[in-house]
Each structure stands twice: as structure tokens, then as C-alpha cells.
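Here are my notes on the model, set out as numbered points. Please read them alongside the sequence and the coordinates.

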Amino acid sequence: MAAEYPGLLLLSRNEALRAYVDLLLSERGIPVRHFDNAKEGLFWLVDNTPRHILLDEDLDLDPFSVANRIRHVKRLKFVSIAVLIPPSEKLRTTAEVVRVKAIEKPLTREKLFRFLDLPLGSAS
């Protein structure tokens with residue numbers, strides 16, 4: 001049985017993005033698990049069920065293929081998944097087809113908190 005993970009799984013090769021997300025969510029006490037390799041992240045998902053998954057479009061594998069693969073795992077079907085993309089109608093359409101949320105770069109505090117369904121006010 002997979003362990004529930006109360007935080008975010010972030011798949012990105014961008015160290016600055018990982019540090020930014022870590023900083024924002026550590027203020028809220030939300031754990032972040034990140035991998036710069038999609039296969040490592042998928043392997044981690046075998047034993048863990050995070051609340052949210054954020055995939056960077058600059059991943060070593062196509063993030064939409066990774067999201068689609070995750071969506072086909074019954075246990076992970078209802079985990080909220082977003083792909084961080086550059087502004088592009090084509091990529092937004094692809095996200096709709098794969099049934100994931102598209103978040104346009106640059107990632108801001110507001111966009112991240114909206115995806116995680118967190119209030120925008122300061123941490124208490």
C-alpha cells in the first residue's frame with residue numbers, strides 16, 4: 001500500500017525553480033519532494049501518493065506523457081497535476097487533452113498557491 005504524502009511532488013531540472021517552490025511552501029509547512037529526472041519521480045510514485053504533482057515542461061521526458069502515465073494509475077487518478085509551460089495555445093490545448101492544469105511561466109506565488117488551493121495571505 002502506498003504511503004500518503006501530504007505535500008507536492010515537483011519534477012524539474014531547474015534548481016532555481018525547486019529552491020523557489022521549497023521556500024514558498026516551507027513557509028506554510030508543506031513538504032516538497034523533488035526530482036530532476038522523471039523516471040526517478042515515477043519510481044517514487046510507486047510507493048507514495050502526493051496531494052499535488054507539478055511537472056516542469058523542461059523535464060528530461062515530455063511532461064504531458066509523464067502526466068498521462070500518472071493519470072492511468074488508478075490510485076493516482078485524482079491527484080491534482082499541473083504542467084508549468086511557456087505561454088502557448090498549443091501547450092494549453094495539450095494540457096486540456098491530458099486533463100492536467102497548465103500553469104504559464106513564470107511561476108509566481110499566486111499561481112502556485114492557487115494550484116495548491118492555499119489562501120494567498122501570509123502564513124500563520
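1. I begin towards the end of the chain, with Leu-118, which is placed in the segment after helix H5 (109-115); this is a predicted model, and the points below should be read in that light. Leu-118 has a relative accessible area of 21% and is therefore partly exposed, the limit for a buried residue being under 20%. Leaving out residues up to four places away in sequence, Leu-118 touches Leu-25, Arg-28, Ile-30 and Phe-113. One of these partners, Arg-28, is 90 residues away from Leu-118 along the chain, and yet the C-alpha atoms of the two are separated by 9.2 Å.

2. Asp-117 also belongs to the segment after H5, and its backbone deserves a look, since phi of Asp-117 is near 60°, a positive value in a residue other than glycine. With 68% relative accessibility, Asp-117 counts as exposed. As background, most residues other than glycine have a negative phi, and most peptide bonds are trans.

3. A second positive phi is found at Arg-99, where the angle is about 65° although the residue is not a glycine. Arg-99 sits in the loop between H4 and E5, and a relative accessible area of 52% makes Arg-99 exposed, the cut-off for that class being over 50%.

4. The peptide bond that leads from Lys-105 to Pro-106 is cis, with omega near 5°. Pro-106 is located in the loop between E5 and H5, and I would ask that this bond be pointed out in any description of the loop between E5 and H5.

5. Turning to the sheet, the model has an open sheet of five strands in the order E2-E1-E3-E4-E5, with parallel pairing. Its edges are formed by strand E2 (32-35) and strand E5 (101-104), each of which pairs on one side only. On average, and with direction ignored, neighbouring strands of this sheet are turned by 25° against each other.

6. The individual pairings can be followed across the sheet. E1 and E2 run parallel and are joined by four bridges, with Leu-11 standing opposite Phe-35 in E2. E1 also pairs with E3 in the parallel sense, here over seven bridges, and Ala-3 stands opposite Asn-48 in E3. Strand E3 (residues 48-56) in turn pairs with strand E4 (residues 80-85), again in the parallel sense and over five bridges, and in this pairing His-52 is opposite Ser-80 in E4.

7. What packs on this sheet, and at what angle to E4? Helix H3 (residues 63-71) does so, touching strand E1 (3-11), E3 and E4, and the direction of H3 makes about 175° with that of E4.

8. H3 also has helical neighbours, one of them being helix H4 (residues 89-98): the two axes come within 10 Å and cross at roughly 10°. H3 is therefore roughly parallel to H4, because angles under 35 degrees are counted in that way, and the crossing of the two helices is right-handed. In the contact, Phe-64, Ala-67, Asn-68 and Arg-71 in H3 meet Leu-91, Thr-94, Ala-95 and Val-98 in H4. Sorted by class, the contact of H3 with H4 comprises five nonpolar, two polar and one charged residues.

9. Helix H2 (residues 38-45) is another partner of H3, with axes that come within 11 Å and cross at roughly 10°, so that H2 too is roughly parallel to H3. Here Ala-38, Leu-42 and Leu-45 in H2 meet Val-66, Arg-69 and Ile-70 in H3, and the residues of this contact divide into five nonpolar, no polar and one charged.

10. Lastly, I draw attention to Glu-104, which lies in strand E5, one of the two edge strands of the sheet. Its relative accessibility is 26%, and Glu-104 therefore counts as partly exposed. Neighbours within four places in sequence aside, Glu-104 is in contact with Leu-84, Ile-85, Pro-87, Ser-88, Arg-92 and Lys-111. For Arg-92, which is 12 residues from Glu-104 along the chain, the separation of the C-alpha atoms is 8.8 Å.

Key:
Residues numbered from 1 in each chain as written. Predicted model: local features only at pLDDT ≥ 70, side-chain atom pairs only at ≥ 80, totals over all residues. Heavy atoms only, no water. Pairing = 2+ DSSP bridges. Axes fitted to C-alpha atoms, helices over the stretch in contact; angles between N-to-C directions. Contact = heavy atoms within 4.5 Å. Parallel < 35°, antiparallel > 145°, perpendicular 65-115°, else oblique. Left-handed = near helix turned anticlockwise from the far one by under 90°. Nonpolar A, V, L, I, M, F, W, Y, C, P; charged D, E, K, R; others polar. Buried < 20%, exposed > 50% of the residue type's maximum accessible area, 1.4 Å probe, protein only.
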